[in-house]
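The exercises that follow are meant to be worked with the sequence and the coordinates side by side. Try each task before reading its solution.

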Amino acid sequence: MQAPHMSTITGITPSAKREGRFDLDVDGRVVATLSLDAIERLHLVVGSAFDDMRAEAVEREAAAQRTMDRALNMLAFRARSVRELRRALVRKGEPEATTNAAIDRLSALGLLDDRVYARGYIRAKVTGAGFSRRRLRGELARRGVAAEIIQAAIEQVFAEESVDEHALIERVALKKCRSLSNLDPATRRRRLYGYLARRGYELDDIRQVMARVLAERDDGERGWDGT
């Protein structure tokens, strides 16, 4: 009676498609792409047998590696909160188990941290777009960042950047107003109001800054009521 065929590992070579990963060949055919760490952990050696038990272990590692690589690619594209990354991976069809494992691994490596993410987001949006505290809270909450983390990050960044909120809204209003200089007064007021409101500023603060910023342009008009 002829003995059943036993598959054999015939090659472990650098992957042409995934940098830093290795293709595992069994009987001359690529069956998985793995990290060097996984190859060493599973004791995969060219010439060794590849039975069903080993095949199952390789498939688990390959699935986990695919999710991890996708997560790393997403983070390389832009920073994300834990909740954002988890949602994005699930939407892409990654299994819950490998998604959770990737999240845990990235967190342990310090590559995924809501505190760091919140501080970076706040710094960029305050110094660049001029977001208010209220807008920052809303945006980060929508991304799944906990309220206590948001508040601590706002306080830290505003202190580090010496943010004066009254000066901030005036700077934002002046900058926007310059881009609206070719519009008629009524349209300019409406556009400026909407711009500041979308950045989360309070109505009273918007009224006050508009009165100052538009005074010279609008022949001394004061206290627009937003209607």
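A surface patch, as the term is used here, is made of residues with over 30% relative accessible area and no salt bridge, and like charges are joined within 9 Å. The model is a predicted one, and the exercises should be read with that in mind.

**Exercise 1. Determine which residues form a positive surface patch, and place Arg87 within the secondary structure.**

Step 1. Applying the criterion above, the positive patch is found to consist of Arg83, Arg87, Arg91 and Lys92.
Step 2. Arg87, one of these residues, belongs to helix 3, which covers residues 82–91.
Step 3. The relative accessibility of Arg87 is 38%, so this residue is classed as partly exposed, and the value satisfies the requirement of over 30% for patch members.

**Exercise 2. Describe the largest nonpolar core, and state which helix gives the most to this core.**

Step 1. The largest nonpolar core comprises 30 residues, and those with the most contacts inside it are Ile122, Leu136, Leu140 and Leu196.
Step 2. At least two residues of this core come from each of helix 5 (114–129), helix 6 (133–142), helix 7 (147–160), helix 8 (165–179), helix 9 (185–198) and helix 10 (203–214).
Step 3. Helix 7 gives the most, supplying 6 residues to the core.

**Exercise 3. Of the 18 salt bridges in the structure, examine the one between Glu160 and Arg123, and explain which parts the pair ties together.**

Step 1. As a general principle, side chains of opposite charge can pair when their charged atoms come close.
Step 2. In the bridge between Glu160 and Arg123, the closest N and O atoms are 2.3 Å apart, which is inside the 4 Å cut-off for a salt bridge.
Step 3. Because Glu160 is located in helix 7 and Arg123 in helix 5, the pair ties together parts that lie 37 residues apart in sequence.
Step 4. Both partners are partly exposed, Glu160 with a relative accessible area of 46% and Arg123 with a relative accessibility of 27%.

**Exercise 4. Are the partners Arg143 and Glu139 buried or exposed, and how far apart in sequence are Arg207 and Asp204?**

Step 1. Arg143 and Glu139 are joined by a salt bridge with an N to O distance of 2.8 Å.
Step 2. Buried means under 20% relative accessible area; Arg143, at 16%, therefore counts as buried, and Glu139, at 12%, is likewise buried.
Step 3. Arg207 and Asp204 form a salt bridge at 3.7 Å, N to O.
Step 4. These two residues are 3 residues apart in helix 10, so about one helical turn separates them.
Step 5. Arg207, with a relative accessible area of 31%, is partly exposed, as is Asp204 with 48%.
Step 6. Elsewhere, salt bridges with shared partners link Arg78, Glu84, Arg135, Glu139, Arg142 and Arg143 into one network.

**Exercise 5. Locate Asp27 and Ser162, and state what can be said of their phi values.**

Step 1. Most residues other than glycine have a negative phi, which sets the background for this task.
Step 2. Asp27, although not a glycine, has a positive phi of about 55°; this residue lies in the loop between strand 2 (22–26) and strand 3 (29–34).
Step 3. Ser162 also has a positive phi, near 50°, and is placed in the loop between helix 7 and helix 8.
Step 4. Asp27 counts as partly exposed at 39% relative accessibility, whereas Ser162 is exposed, with a relative accessible area of 61%.

Key:
Residues are numbered from 1 along each chain as its sequence is written. This is a predicted model: local features need pLDDT of at least 70, side-chain atom pairs count only at pLDDT 80 or more; totals for chains, interfaces and linings use all residues. Side-chain values use heavy atoms; hydrogens and water are left out. Patches are made of residues with over 30% relative accessible area and no salt bridge: like charges are joined within 9 Å, nonpolar side chains (Val, Leu, Ile, Met, Phe, Trp, Tyr) within 5 Å. Accessible areas come from the Shrake-Rupley method with a 1.4 Å probe; for residues, only the protein chains shown count as cover. A salt bridge is a side-chain nitrogen of Lys or Arg within 4 Å of a carboxyl oxygen of Asp or Glu. Lys and Arg count as positive and Asp and Glu as negative; His and the chain ends are not counted. The place of a charge is taken as NZ of Lys, CZ of Arg, CG of Asp or CD of Glu. Helices (H or I, at least four residues) and strands (E, at least two) are DSSP runs, numbered from the N terminus. Buried means under 20% relative accessible area, exposed over 50%, partly exposed in between (1.4 Å probe, protein chains only). A nonpolar core is a set of buried Ala, Val, Leu, Ile, Met, Phe, Trp, Tyr and Cys residues joined through side-chain atoms within 4.5 Å.
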